[in-house]
Amino acid sequence: MEFYFVRHGESEANKNGVIAGGGVDVPLTDLGRQQAAEAAQKAHALNFHSIYHSPMIRAHDTATLINQTQQVPMNLKHDLKEWDLGDWQGITQTELTDRILIQGLDPVNGETHDAHHQRVEQAIQSILNTEDKPFMIVAHGGTFVAMTKRFNIEHDIKLVKNCTIIHCERRVDGWYARELE
């Protein structure tokens with residue numbers, strides 16, 4: 001089994017250096033649309049048969065732009081949505097890292113860490129249960145983190161950059177992920 005994961009193109013929140021999370025639906029920037037078009041060119045050489053995407057506009061638009069070269073079925077999957085950070089939406093990545101990794105906190109008025117990971121796990125498991133051919137997921141950085149934790153996917157990716165294509169493959173001894181050049 002194999003699939004591809006793509007984080008959406010640069011959004012307005014990315015450009016402004018803040019976290020949008022799942023509670024704020026921000027569009028792609030011009031650079032984000034350009035990144036998606038470049039990802040589409042790279043994706044054209046890949047063998048996948050469908051795209052699953054988050055309902056958030058930044059992921060939906062990235063998936064649509066990638067699909068212009070593929071013309072495969074697109075499937076909205078609500079539970080691929082980014083982590084709802086409640087009152088933390090709009091903070092910087094440094095602040096988010098401090099609150100989560102150092103202080104071990106869950107977002108105030110948001111989704112707990114475990115609830116987010118469980119939601120993403122269920123979404124991806126339902127895709128894996130129905131797909132027998134390679135597919136692509138277009139979602140968010142937080143979705144990738146939750147996915148790799150819940151499925152024990154081994155990787156050396158420090159930061160999921162906008163529109164980087166990541167190949168995920170299940171082998172006999174487990175799941176592995178690597179960035180495609």
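User: A polar contact is a pair of N or O atoms within 3.5 Å; within protein, one must be able to donate a hydrogen and the other to accept it. In this predicted model, which residue caps the N-terminal end of H2?

Analyst: The cap is a contact to the backbone nitrogen of Leu31. A side-chain oxygen lies 3.3 Å from that nitrogen, and the cut-off is 3.5 Å. The residue that supplies the oxygen is Thr29.

User: How many Å does H2 reach from its first C-alpha to its last?

Analyst: Helix H2 covers residues 30–43, which is 14 residues. At 1.5 Å a residue, the expected value is 20 Å. The reach in the model is close to that, at 20 Å.

User: Where do the buried residues of H2 sit around the axis?

Analyst: The buried set is Gly32, Gln35, Ala36, Ala39, Ala40 and Ala43. Around the axis they cover an arc of only 145°, so they share one side of H2. Residues three or four places apart on an α-helix point the same way, because a turn takes 3.6 residues. The buried residues of H2 are therefore on the same side.

User: Which residues are exposed on the other side of H2?

Analyst: The buried residues of H2 pack against helix H3 (57–70), S4 and S5. The other side of H2 carries exposed residues. They are Asp30 and Gln41.

User: What is the distance between the end C-alpha atoms of H5?

Analyst: H5 runs over residues 113–130 and has 18 residues. At 1.5 Å a residue it should span 26 Å. The model agrees: the end C-alpha atoms are apart by 26 Å.

User: Within what arc do the buried residues of H5 fall?

Analyst: The buried residues include His116, Val120, Ala123, Ile127 and Leu128. Seen down the axis, they line one face of the helix. The face turned away carries exposed Asn129 and Thr130. The buried residues fall within an arc of 165°.

User: Which helix do the buried residues of H5 pack against?

Analyst: Their contacts include strands S1, S2 (51–53), S4 (135–139) and S6. A helix is also on that list, at residues 141–150. That helix is H6.

User: How many bridges join S5 to S6?

Analyst: S5 (residues 165–171) and S6 (residues 174–179) run antiparallel. A hairpin through 2 residues links them. Ile166 has Glu179 as its bridge partner, and Arg170 stands opposite Trp175. The number of bridges is 6.

User: Which residue in S5 stands opposite Glu2?

Analyst: S1 (residues 2–7) runs antiparallel to S5, with 5 bridges joining them. Glu2 faces a residue of S5. That residue is Glu169.

Key:
Residues numbered from 1 in each chain as written. Predicted model: local features only at pLDDT ≥ 70, side-chain atom pairs only at ≥ 80, totals over all residues. Heavy atoms only, no water. Pairing = 2+ DSSP bridges. Helix = DSSP H or I, 4+ residues; strand = E, 2+ residues; numbered from the N terminus. Expected span 1.5 Å × (residues − 1). Buried < 20%, exposed > 50% of the residue type's maximum accessible area, 1.4 Å probe, protein only. Arc of directions from axis to C-beta. Contact = heavy atoms within 4.5 Å.
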